Protein chains: 2
Amino acid sequence: MAEADSPSAWRDIRGVGFAERAPLARAWAWLDAAPFVPACETMPAAQAIGRVLAADVSASRDLPTTDRAAIDGFAVRAGDTESAGIYNPLLLALSDSPGAGSAVPVFAGAPLPPGADAVVAFSSVSGSAPGHLQVIVEAAAGEGIAPRGGALRAGAMALCRGRRLRPPDLALLAMLGIEDVTVFARPRTRLVVAGPKGGDAEALAAMLRALVVRDGGVPSGGVCKWFGEAIAMAAEADVILTAGRSGAGEDDVAAPTLVEVGGEMAMHGIAMRPGASSGLGRLRGKVVLLLPGSPLACLIAYDMLAGRLIRRLGGFSLDLPYPCATYPLGRKIVSAIGITDVVPVALAGEAAVPIASAESAELAASCRADGFVVVPEALEGYAEGETVAVCLYDGFGRHLYSRA
Amino acid sequence: MAEADSPSAWRDIRGVGFAERAPLARAWAWLDAAPFVPACETMPAAQAIGRVLAADVSASRDLPTTDRAAIDGFAVRAGDTESAGIYNPLLLALSDSPGAGSAVPVFAGAPLPPGADAVVAFSSVSGSAPGHLQVIVEAAAGEGIAPRGGALRAGAMALCRGRRLRPPDLALLAMLGIEDVTVFARPRTRLVVAGPKGGDAEALAAMLRALVVRDGGVPSGGVCKWFGEAIAMAAEADVILTAGRSGAGEDDVAAPTLVEVGGEMAMHGIAMRPGASSGLGRLRGKVVLLLPGSPLACLIAYDMLAGRLIRRLGGFSLDLPYPCATYPLGRKIVSAIGITDVVPVALAGEAAVPIASAESAELAASCRADGFVVVPEALEGYAEGETVAVCLYDGFGRHLYSRA
């Protein structure tokens with residue numbers, strides 16, 4: 001097997017079949033170690049939703065910027081309310097400016113009037129003589145106040161490098177007065193889908209574009225007839241994904257074409273179903289992934305191989321972009337030792353039910369599925385009733401999961 | 001409380017405070033019942049990623065469209081391999097056209113040559129005389145074949161109304177030859193954020209734009225000084241979100257302005273922390289949500305109220321767009337009966353640790369949080385060690401959850 005990792009050992013397997021297939025873990029190790037120079041760009045913070053910070057952001061000012069009222073009520077000196085109670089109401093003078101024995105109406109978020117050190121709520125006062133109010137609850141100093149720097153101190157870490165920006169992060173950056181952020185560039189991902197135009201190739205191209213965008217990449221290219229030329233042009237991208245013609249048939253030109261245009265294969269044939277005919281290679285320093293042309297195999301190979309690389313180049317997590325939950329299996333899954341199987345499942349009540357085998361599943365099965373189960377190489381499968389991890393295509397809003 | 005639901009009962013609460021606050025469940029019931037006419041649009045299927053189908057899509061053709069080879073190998077008549085075995089190799093003639101006693105090389109995905117009814121794998125044949133091969137495994141009829149219509153029959157349901165389109169759905173639609181799909185229109189969501197420009201109002205606007213896009217809406221508008229004019233103009237939208245000036249202070253003009261321009265309030269004050277000063281109303285038949293101006297309260301009120309409505313109008317699930325998992329609490333949470341508290345938590349090892357109270361939390365705490373715990377109205381809180389559901393801001397790739 002070591003031999004297969006050496007580009008010079010690549011040979012045309014068309015019409016012969018794969019002598020051996022690389023374990024998925026080896027493909028991942030290769031992808032995770034593929035050298036690249038991370039590219040960064042600076043952009044307006046307000047538009048950087050979903051982008052990944054390429055540098056730590058520290059707070060440029062205190063938040064709040066001044067002591068503020070945290071609630072609606074009256075700003076007072078806490079000392080003036082000492083021993084106040086329902087049976088000992090204390091009279092304070094309503095005032096626009098604070099001072100001993102006075103109370104200034106304030107609303108949540110407003111700067112605290114100087115001299116005041118507490119805010120008593122509407123509910124802590126009762127009726128009173130005109131221009132006055134009666135405090136019926138004793139306030140401690142600092143009560144009802146959001147102190148300057150209490151949320152975030154100037155100089156403290158606000159958001160870390162690697163953070164994928166969420167909606168409230170945009171608000172935090174604006175509150176800190178930070179207008180621009182430095183983020184990782186989105187990996188330019190060139191698609192080279194084996195034509196002819198209009199057939200299933202367009203289907204692959206539409207799917208791959210959506211997947212690349214999901215994983216933070218910028219897709220370009222699509223269906224083309226002349227594989228060689230397309231691959232050579234694609235070297236301007238950060239990653240090249242070919243789809244189709246990756247197998248062992250006579251018309252499976254993906255791997256030999258890559259070699260013809262000056263690239264090299266590192267692995268061809270991965271011990272995974274679907275997607276076994278996938279390959280990994282390089283062209284002018286860029287990774288080239290050969291994905292199968294069968295739509296489901298292409299999807300699985302993208303998810304298990306290509307998406308991981310694109311997420312890595314863009315600073316995202318390497319993890320599959322699906323939430324996972326464990327369920328008991330509604331029916332057994334048969335796999336084979338030495339092969340990673342990806343099995344579509346549907347959720348039925350409490351259980352996950354396989355709806356096709358890894359070997360025979362078609363794209364339509366995947367579209368009917370709620371998610372998939374990955375059967376690792378070391379296992380022959382799972383028994384009915386066994387608890388398995390399910391990657392969910394749409395895991396939002398499910399209050400289903402519990403930490404084991 | 002019933003009175004508060006009647007628009008005519010609305011009165012200015014500025015400087016007085018909320019006499020009562022509506023339970024969150026009542027606000028949800030009102031939002032879920034708000035009348036609207038669902039709008040649809042037709043668009044190219046290849047660009048419809050993330051959009052929600054407004055009509056069922058049935059298969060316009062069989063998939064696969066013909067019997068196909070499911071594996072690389074040789075197309076044969078199964079009968080010709082009867083009783084073949086390693087000790088009984090059967091000789092077949094290699095041929096370009098099928099017939100009794102012949103074997104046609106085929107590759108996965110290729111149409112099955114007429115007459116053949118099985119495909120034997122490379123591994124099921126051994127060396128042979130030139131122009132011939134030896135079959136060493138008996139094949140059953142249909143083996144190694146993906147039969148026409150086996151994945152999807154013409155006329156069968158391919159994708160249901162309400163489906164949020166995923167990347168492989170785009171491929172399935174293309175394979176079915178479906179070029180256009182009818183999807184729900186994205187709800188036009190007008191933002192009216194209390195100015196002045198440049199302050200924290202810009203922070204709210206940036207956050208709200210990102211949230212609206214996340215939930216499938218199209219945001220417009222932003223920070224403005226003249227609330228009344230902005231609200232009146234916003235009636236062209238499907239939903240209006242105001243942010244800021246929603247409370248009980250003298251400058252809290254959101255509710256009275258809505259009434260001034262011809263709208264009406266339905267509820268003002270929700271029994272929820274943060275976000276208690278939120279309000280619900282209508283203007284010319286459209287829902288107007290009054291969100292607080294405190295950034296965290298605005299975020300929570302958006303998530304708990306506005307996002308739900310926008311998702312409903314766009315055909316999305318009403319569920320919060322976060323995956324949830326249960327964790328033991330690392331520290332107790334104190335809440336109050338009658339109030340729904342939203343408490344930011346950080347994950348620390350196996351536990352979820354509250355990092356601020358619902359009452360005092362600021363946006364920066366939410367940005368440090370991994371998610372939040374919702375303490376329902378009926379509970380006084382949760383004890384340390386108690387198992388709680390955590391909504392996770394970034395729940396992808398976590399192989400953490402198990403079905404209880």
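The legends below describe close-up views of a predicted model with chains A and B.

**View 1. The contact between chain A and chain B buries about 5500 Å².**
In this interface, 65 residues of chain A are in contact with 65 residues of chain B. Carbon and sulfur atoms give 64% of the area buried between the two chains. No salt bridges are counted between chain A and chain B. Four residue pairs, with both residues at pLDDT 80 or more, are in polar contact across the interface.

**View 2. Helices and strands of chain A contribute to the side that touches chain B.**
The elements that give two or more residues to this side include helix 2 (167-175), helix 3 (200-214), helix 6 (295-313) and helix 7 (363-368) of chain A. Strand 20 (324-328), strand 26 (387-392) and strand 27 (401-403) of chain A are also among them. Helix 2 of chain A gives the most, with eight residues. By residue class, the side of chain A that touches chain B holds 43 nonpolar, eight polar and 14 charged residues.

**View 3. Chain A can be laid on chain B by a turn of 180 degrees.**
The shift along the axis is 0.0 Å, and the RMSD of the superposition is 0.0 Å. The two copies are therefore related as by a two-fold rotation axis. Both copies use the same surface, since 100% of the contact residues of chain A recur in chain B.

**View 4. B:A118 lies in strand 7 of chain B.**
This strand covers residues 118-121. B:A118 counts as buried because its relative accessibility is 0%, and buried means under 20%. Leaving aside residues up to four places away in sequence, B:A118 touches B:F74, B:A75, B:V76 and B:A78. B:A139, B:A140, B:G142, B:E143 and B:I145 are also among the residues that B:A118 touches under that condition. B:L392 is 274 residues from B:A118 in sequence, and their C-alpha atoms are 50 Å apart in space.

**View 5. A:G330 sits in the loop between strand 20 and strand 21 of chain A.**
Strand 21 of chain A comprises residues 333-334. The relative accessible area of A:G330 is 30%, so A:G330 is partly exposed, the class between under 20% and over 50%. When residues up to four places away in sequence are not counted, A:G330 touches A:A351, A:A352, A:V353 and A:E384. A:D62 is 268 residues from A:G330 along the chain, with 55 Å between the two C-alpha atoms.

Conventions: Residues are numbered from 1 along each chain as its sequence is written. Chains are lettered from A and ligands numbered from 1 in the order in which they are written. This is a predicted model: local features need pLDDT of at least 70, side-chain atom pairs count only at pLDDT 80 or more; totals for chains, interfaces and linings use all residues. Side-chain values use heavy atoms; hydrogens and water are left out. Contact means heavy atoms within 4.5 Å. Buried area is the accessible area (1.4 Å probe) that two parts lose on being put together, summed over both. A salt bridge is a side-chain nitrogen of Lys or Arg within 4 Å of a carboxyl oxygen of Asp or Glu. A polar contact is a pair of N or O atoms within 3.5 Å; within protein, one must be able to donate a hydrogen and the other to accept it, and residues adjacent in sequence count only if both atoms are side-chain atoms. Helices (H or I, at least four residues) and strands (E, at least two) are DSSP runs, numbered from the N terminus. Ala, Val, Leu, Ile, Met, Phe, Trp, Tyr, Cys and Pro count as nonpolar, Asp, Glu, Lys and Arg as charged, and the others, Gly among them, as polar. Copies are superposed by least squares on the C-alpha atoms of residues with pLDDT of at least 70 in both. Buried means under 20% relative accessible area, exposed over 50%, partly exposed in between (1.4 Å probe, protein chains only).
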